Amino acid sequence: MAKTQDHERPYHHGDLRRAIVKAALEILRETQSLEFSLRELARRADVSHNAPYKHFADKRELLSAVSAAGFETLTKRMAREIGRHGNAREQLFAMLRAYIDHGVENPALYSLMFGGYLTGPNHGRPTIELAEAEKTKALLAGVIAAGGLGRAIPDTNERKIAGAILACWSLVHGLTLLLADGLVGPKKKAGALGDSLVQGMLDGLAAELPILPPGAWIGPQLSH
């Protein structure tokens, strides 16, 4: 009996979803492009061409899961840096450097995570992505509150913590994009550039912390 080419490996329910997301991450890293088909993705994951649709209604829903996986990887990477350093200032410095490295190493994934591809018409972002992005934000907020900028900030002072997050994020996000787009370089100097700018920013923030204005927000938002 002839074997059908449209076979599917006997994945468990959760394994199949993870396999598809993993395959999408691999394609994204290799091609640095979001212009891949779900059929191509199915081939890479070694599943039937219909298998992705068992877990994702369309490509946008798949890419939402890919972006969420990107945030999960970033959070784990930053958490590892926390574990390697003894005080909050060193931890914050290492976390911000890890953020830059994450984006420079895979610009297409970084663009998916922080660009407009997944943003809806009302500026909302996918729920699955927001859940992981909030973990990244919470990790950064915790180190800042613990004294990452030279002194502890009470958790109750949310606007001051948010202002510090915005200052840190603005610098590392901007540098990451400049490096990824080749407007600053070379990429092999990303570490030295990051060290210099992050150190200078942290020194400045230790002297004076910005405060987020009332009504302002940072980070991706839910659809309304």
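This is a short talk on one helix pair, one cavity and two pockets in the structure above.

Okay, so before anything else: what we're looking at is a predicted model.

Let's begin with the helix pair. Two packed helices get described by the angle between their axes and the distance between those axes. Here the pair is α4, residues 88-105, and α6, residues 127-148. Their axes come within 8 Å, and they cross at roughly 150 degrees. Anything over 145 counts as roughly antiparallel, so that's what α4 and α6 are to each other. The crossing of the two is left-handed.

Who touches whom? From α4 you've got A88, R89, Q91, L92, M95 and L96, and they meet L139, L140, V143, I144, A146, G147 and G148 in α6. Sort the residues of that contact by class and you get nine nonpolar, three polar and one charged.

Now, the inside. How many cavities of 30 Å³ or more turn up in a search of the whole structure? Just one. The largest cavity holds about 230 Å³ of space. There are 17 residues lining it, and F114, T136, K137, L140 and W169 lie nearest its centre. You'll remember L140 from the α4 contact. Four helices supply at least two lining residues each: α3 (59-83), α4, α6 and α7 (158-180). The biggest contributor is α6, with five residues. As for the character of that lining, it's 13 nonpolar, two polar and two charged.

On to the pockets. The largest one has about 440 Å³ of space. It's lined by 21 residues, with V21, L25, A69, G70 and T73 closest to the centre. Two or more residues come from each of α1 (13-31), α3, α4 and α6. Which helix gives the largest share of this lining? That's α3, with eight residues. And if you like charge, have a look here: the lining of the largest pocket has ten charged residues, alongside seven nonpolar and four polar.

Last stop, the second largest pocket, at about 280 Å³. Of its 14 lining residues, F114, R125, W169, G219 and P220 are closest to the centre. F114 and W169 should sound familiar, since we met them among the residues nearest the centre of the cavity. The elements giving two or more residues to this pocket are α5 (107-114) and α7, and α7 gives the most, with three. By class, this lining comes out as seven polar, six nonpolar and one charged.

That's my tour, so over to you for questions.

Note on methods
Residues are numbered from 1 along each chain as its sequence is written. This is a predicted model: local features need pLDDT of at least 70, side-chain atom pairs count only at pLDDT 80 or more; totals for chains, interfaces and linings use all residues. Side-chain values use heavy atoms; hydrogens and water are left out. Axes are lines fitted to C-alpha atoms, for helices over the stretch in contact, and angles run from 0 to 180 degrees between N-to-C directions. Angles under 35 degrees count as roughly parallel, over 145 as roughly antiparallel, 65 to 115 as roughly perpendicular and the rest as oblique. A crossing is left-handed if the near helix is turned anticlockwise from the far one by less than a right angle, and right-handed if clockwise. Contact means heavy atoms within 4.5 Å. Ala, Val, Leu, Ile, Met, Phe, Trp, Tyr, Cys and Pro count as nonpolar, Asp, Glu, Lys and Arg as charged, and the others, Gly among them, as polar. On a 1 Å grid over the protein atoms alone, a cavity is a set of points where a 1.4 Å probe fits but cannot get out, and a pocket is an open set with protein on both sides within 12 Å along at least five of seven lines; lining residues have an atom within 4 Å of a point. Grid points are joined across faces, edges and corners, and a volume is the space filled by probe spheres set on the points.
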